[in-house]
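Trainee: Please take a close look at the ligand sites for me. Work outward from them and give the cut-offs as you go.

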Amino acid sequence: PTAVAVRGVSKTFGNGASAVTALDDVSFDVPQGSFLSVLGPSGCGKSTLMRLVAGLQPASTGTIEVAGGTPDEMRRAREFGIVFQQPVLFDWRTVEQNVGLPLQIMGRPKGEARERVEHMLELVGLSDFRKHRPWQLSGGMQQRVSIARALTFAPPFLLMDEPFGALDMMTRERMQTELLSIWASNPGTTVIFITHSISEAVLLSDRIVVMSARPGRVLKVIDVDLPRPRT
Ligand code: ADP
Ligand code: ADP
């Protein structure tokens with residue numbers, strides 16, 4: 001079944017002579033439980049597309065359906081785990097407090113939350129750092145905290161906007177493998193992963209939406225059928 005249906009979506013910022021068309025008539029489907037990458041050069045509208053799917057901004061025209069509802073409804077229902085290019089963490093909270101925040105906001109019982117946080121910290125290899133503050137960690141570790149937080153409440157949708165863009169190559173490769181194993185151990189999780197790296201898209205994805213810049217259009221939708229590294 002289709003989890004996300006993007007239909008003829010356009011997005012224009014501003015109006016008149018200064019209007020910028022970020023997305024022009026974009027359409028594609030994301031099958032439920034799949035790993036889809038959006039690949040394209042800088043400025044082709046990838047981040048805009050993610051904000052639209054996440055319900056953070058409205059489309060100018062066209063429709064996006066997420067699990068049969070609107071992005072805004074799904075955002076309010078906390079269906080999305082979101083990871084941005086730069087980790088957004090609270091420096092005065094410990095690693096485990098950061099990871100547990102969505103569960104706390106959702107009012108989950110403390111014991112259950114604590115167990116879930118520990119499990120996620122183990123998955124991203126940060127169990128020994130649970131009492132640290134984000135500023136005491138490297139960039140790669142901070143990004144792993146963000147990923148753990150986005151996954152703590154087992155969101156049906158994981159939206160990631162160039163999450164490894166700021167990492168060095170070795171950390172990046174380790175994180176790619178970790179992400180695939182986390183995804184494989186959470187069946188049913190649908191991932192939309194934004195990247196400008198062809199190799200990253202090919203390594204990670206079931207389906208790749210290739211975009212062109214100015215204006216942001218879909219050039220091609222490619223289904224990938226390659227064995228992927230799993231741990
Ligand atoms: P990408 O993520 O592929 O680099 P973006 O979605 O960030 O692309 O941007 C696509 C285009 O939309 C760019 O030309 C950018 O300048 C423009 N854009 C994005 N957000 C805004 C905004 N809030 N206001 C005006 N223009 C914007
Ligand atoms: P507010 O509505 O008060 O602006 P939220 O309740 O939306 O704040 O979220 C506060 C923080 O909790 C976010 O900055 C984020 O770190 C975390 N959070 C909430 N919802 C999610 C989510 N769906 N995915 C990842 N983190 C989330």
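Mentor: The ligand sites come first, then the neighbouring helix, then salt bridges and one serine.

The model is predicted: local features need pLDDT of at least 70, side-chain atom pairs count only at pLDDT 80 or more, and totals for chains, interfaces and linings use all residues. Residues are numbered from 1 along each chain as its sequence is written, chains are lettered from A and ligands numbered from 1 in the order written, and side-chain values use heavy atoms, without hydrogens or water.

Start with ligand 2. Its surroundings are R78, F80, G81, I82, L101, P102, I105, R149 and F153. A residue counts here if one of its heavy atoms lies within 4 Å of the molecule. Next come the polar contacts. These are pairs of N or O atoms within 3.5 Å; within protein, one must be able to donate a hydrogen and the other to accept it, and residues adjacent in sequence count only if both atoms are side-chain atoms. A polar backbone atom of F80 is 2.2 Å from a nitrogen atom of ligand 2. I82 also uses its backbone: an N or O atom there lies 3.5 Å from a ligand nitrogen. R149 uses its side chain, with an N or O atom 3.1 Å from an oxygen atom of ligand 2. On its own, ligand 2 exposes 550 Å², and the protein buries 54% of that. Accessible areas come from the Shrake-Rupley method with a 1.4 Å probe; for residues, only the protein chains shown count as cover.

Now ligand 1. Its shell is F13, V20, A22, P41, S42, G43, C44, G45, K46, S47, T48 and R51. C44 places a backbone N or O atom 3.1 Å from an oxygen atom of ligand 1. G45 has a polar backbone atom 3.1 Å from a ligand oxygen. R51 brings a side-chain N or O atom to 3.5 Å from a ligand nitrogen. The protein covers 62% of the 570 Å² that ligand 1 has on its own. Two or more shell residues come from each of β2 (20-31) and α1 (46-53). The largest share, four residues, is from α1. Helices (H or I, at least four residues) and strands (E, at least two) are DSSP runs, numbered from the N terminus.

Back to the ligand 2 side. Helix α3 spans residues 95-105, and its buried residues are V95, N98, V99, G100, L101, P102 and L103. Buried means under 20% relative accessible area, exposed over 50%, partly exposed in between (1.4 Å probe, protein chains only). Among the elements that cover these buried residues are α4 (110-123) and α5 (139-152). After α3 comes G107, with a positive phi near 70°. The loop between β5 (80-83) and α3 holds V88. V88 is partly exposed, at 49%. With L56 and F84, V88 forms a nonpolar surface patch of about 260 Å² accessible area together. Patch residues have over 30% relative accessible area and no salt bridge; like charges are joined within 9 Å, nonpolar side chains (Val, Leu, Ile, Met, Phe, Trp, Tyr) within 5 Å.

Next, charge pairs. The whole structure has nine salt bridges. Each needs a side-chain nitrogen of Lys or Arg within 4 Å of a carboxyl oxygen of Asp or Glu. D72 and R76 pair at 2.9 Å, N to O. They sit four residues apart in helix α2 (residues 71-76), so about one helical turn separates them. D72 is partly exposed at 29%, while R76 is exposed at 60%. R75 joins D72 and R76 in a salt-bridge network. R108 pairs with E112, closest N and O atoms 3.7 Å apart. R108 is partly exposed at 32%, and E112 is partly exposed at 42%. R207 pairs with D223 at 2.6 Å between closest N and O atoms. That pair links distant parts of the chain: R207 in β8 (residues 207-212) and D223 in β9 (residues 217-223), 16 residues apart. R207 is buried at 18%, whereas D223 is exposed at 53%.

Last, the serine. S10 lies in strand β1 (residues 2-13) and is buried at 13%. A polar side-chain atom of S10 lies 2.9 Å from the backbone nitrogen of D25. Leaving out residues up to four places away in sequence, S10 touches L23, D24, D25, A59, S60 and T61. Touching means contact, with heavy atoms within 4.5 Å.
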